[in-house]
Amino acid sequence: MFGLEALDLARIQFAFTISFHILFPAITIGLASYLAVLEGLWLKTHNDTYRDLYHFWSKIFAVNFGMGVVSGLVMAYQFGTNWSRFSDFAGSVTGPLLTYEVLTAFFLEAGFLGVMLFGWNKVGRGLHFFATVMVAIGTLISTFWILASNSWMQTPQGFEIVNGQVIPTDWLAVIFNPSFPYRLMHMATAAFVATAFFVGSSAAWHLLRGKDNPAIRKMLSMAMWMALIVAPIQAVIGDFHGLNTLEHQPAKIAAIEGHWENKGNEATPLILFGWPDMKEEKTKFAVEIPYLGSLILTHSLDKQVPALKEFPPEDRPNSTIVFWSFRIMVGLGMLMIFTGLWSLWLRKRDTLYSSRPFLYLALWMGPSGLIALLAGWFTTEIGRQPWVVYGLMRTADASSNHSFMQMSITLILFVVVYFALFGAGLGYMMRLVRKGPKIDEGKETNDGGPGQKRTPARPFSAADDEHIDADHSLTKEI
């Protein structure tokens, strides 16, 4: 069907599941740190706006965290079901690294998540803040181990191959492989940027609909400060990451640039737009800027960038895909920087919360961080092809021996179940966002009880106020 084989369906299935999964941890990482900042500011300033925002975003965090755990478990099982030969070859490296994640990050999060979500009026303020910080640290530790595992597949180090299996010889070299520091920083920063625009978009939505209060303004203000500071930093990290990739995976860079061949000693131009044709081995309709490719990728005006024709056809990534996925990521990144700068200009003019053109931009930029993150992930993973462990094991040799029919049925089931389950979860989360923060939420002076109205801090307490009033009226009658 469509010229696809069982291997292609296995790759599509893994890409589909990881595309769903990566969105939830990204927001979880950003929101966990955001919640720690909010609670810290509340404890320091005693400004109830920070407390109200904490209660609002903790509910969204809880729903998002749950969906991330479920989608992650499904993805992990695919290593054994669809990629068993990869697991047999490299499991002695990837298995322990993922186990370290469970023993450190998951145990830390599990130990303090309950206190963070349900202990607001049950433990002291200092202990509750400590629990929130521990959860935030746990999400970052999880990122550390996941990126260590994936980065080793990109730039494997610290091993030897015995009887067709990878045997670790230096765990520090395995973990801190050449691409790991750049990819860790790039991914963690992407999570913070994506969360900032998610929060800013939520605030813009409420302001455009006339809901203007201190909590909504604080949401937008903090999000735009984050965008202004972190988006340019992400661009700098991306530049270092690109230089590292050029050193260790030159074929990926050539595919990203749609660069097929060098001419004499001429500097490499930057192809802004075009259509790389893998069969004809050229980029059609190319719009080029002379010298700029060399300047960006080698920081010089005379050095050349490796070209795709320097690599055998069977070792070339699909330039058509990564050429455009990379440009989507970079284009959205430039829009993020522009949004942050515009917010600074409006802030100085005291019109940040009233400029409707800017608020509409902030609203539509809500998913931009997640889209850019996905585009970057596609660039990284598809650009690594045809290798599953770069230079050691090809993707075609890593898959399980499943039939086309088996992979077709499971792929269809995944699509149906994922859209039903996570579609419902995302819909619920968006309903929470639309409700917005309640400025009287979470006060310790009202602990509930007979005749008392208190909005609980449970993540699934999304009932409308009128339903809560009805419940209290029924309690009084009884």
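# Worked exercises: rings, helices and odd backbones

Counting rings first: with Phe, Tyr and Trp (its six-membered ring) paired when their centres lie within 6.5 Å, the count comes to 29 aromatic pairs. This is a predicted model, where local features need pLDDT of at least 70 and side-chain atom pairs count only at pLDDT 80 or more, while totals for chains, interfaces and linings use all residues. Residues are numbered from 1 along each chain as its sequence is written, and side-chain values use heavy atoms, with hydrogens and water left out.

**Exercise 1. Classify the ring pair Tyr34 and Trp57, then say where each partner sits.**

Step 1: get the geometry. The centres are 6.3 Å apart and the planes make 70 degrees. Planes under 30 degrees apart count as stacked, over 60 as edge-to-face and the rest as tilted, so we call this one edge-to-face.

Step 2: place the partners. Tyr34 belongs to helix α1 (residues 6-45) and Trp57 to helix α2 (residues 48-81), so the pair links distant parts of the chain, 23 residues apart. Helices here are DSSP runs (H or I, at least four residues), strands are E runs of at least two, and both are numbered from the N terminus.

Step 3: check burial. Buried means under 20% relative accessible area, exposed over 50%, and partly exposed in between (1.4 Å probe, protein chains only). Tyr34, at 11%, is buried, and Trp57, at 0%, is buried too.

**Exercise 2. Work out what surrounds the ring of Phe323.**

Step 1: find the ring partner. Phe323 pairs edge-to-face with Trp324, at 5.6 Å centre to centre and 75 degrees between the planes.

Step 2: look for a charge. One sits over a ring if NZ of Lys or CZ of Arg is within 6 Å of the ring centre and within 35 degrees of the ring normal. Arg327 lies over the face of Phe323, 3.6 Å from the ring centre. Elsewhere, Arg394 lies over the face of Trp387 at 4.3 Å.

Step 3: compare accessibility. Phe323 has 0% and counts as buried, whereas Trp324 has 28% and counts as partly exposed.

**Exercise 3. Describe how α1 packs on helix α13 (residues 404-435).**

Step 1: pick the descriptors. Two packed helices are described by the angle between their axes and the distance between the axes. Axes are lines fitted to C-alpha atoms, for helices over the stretch in contact, and angles run from 0 to 180 degrees between N-to-C directions.

Step 2: read them off. The α1 and α13 axes are 9 Å apart, at an angle of about 15 degrees. Angles under 35 degrees count as roughly parallel, over 145 as roughly antiparallel, 65 to 115 as roughly perpendicular and the rest as oblique. So α1 and α13 are roughly parallel.

Step 3: get the hand. A crossing is left-handed if the near helix is turned anticlockwise from the far one by less than a right angle, and right-handed if clockwise. For α1 and α13, the crossing is left-handed.

Step 4: name contacts (heavy atoms within 4.5 Å). Phe16, Phe20 and Phe24 are among the α1 residues that meet α13, where the residues involved include Phe414, Tyr418, Phe419 and Phe422. Ring pairs link these seven names, Phe16, Phe20, Phe24, Phe414, Tyr418, Phe419 and Phe422, into a cluster.

**Exercise 4. Do the same for helix α7 (residues 214-248) and helix α10 (residues 319-348).**

Step 1: their axes come within 8 Å and cross at roughly 135 degrees. That makes α7 oblique to α10.

Step 2: the α7/α10 crossing is left-handed. Contacts include Trp225 and Leu228 from α7, and Ile337 and Leu341 from α10.

**Exercise 5. Find the backbone oddities and locate them.**

Step 1: recall the norm. Most residues other than glycine have a negative phi, and most peptide bonds are trans.

Step 2: look at the peptide bonds. A cis one joins Gln385 and Pro386, with omega about 10 degrees. Pro386 lies in the loop between α12 (368-384) and β5 (387-389).

Step 3: look at phi. Glu281, not a glycine, has a positive phi near 55 degrees; its place is the loop between β3 (270-277) and β4 (282-289). Phe285 also has a positive phi, about 55 degrees, and is found in strand β4.

Step 4: add accessibility. Glu281 is partly exposed at 26%, while Phe285 is exposed at 70%.
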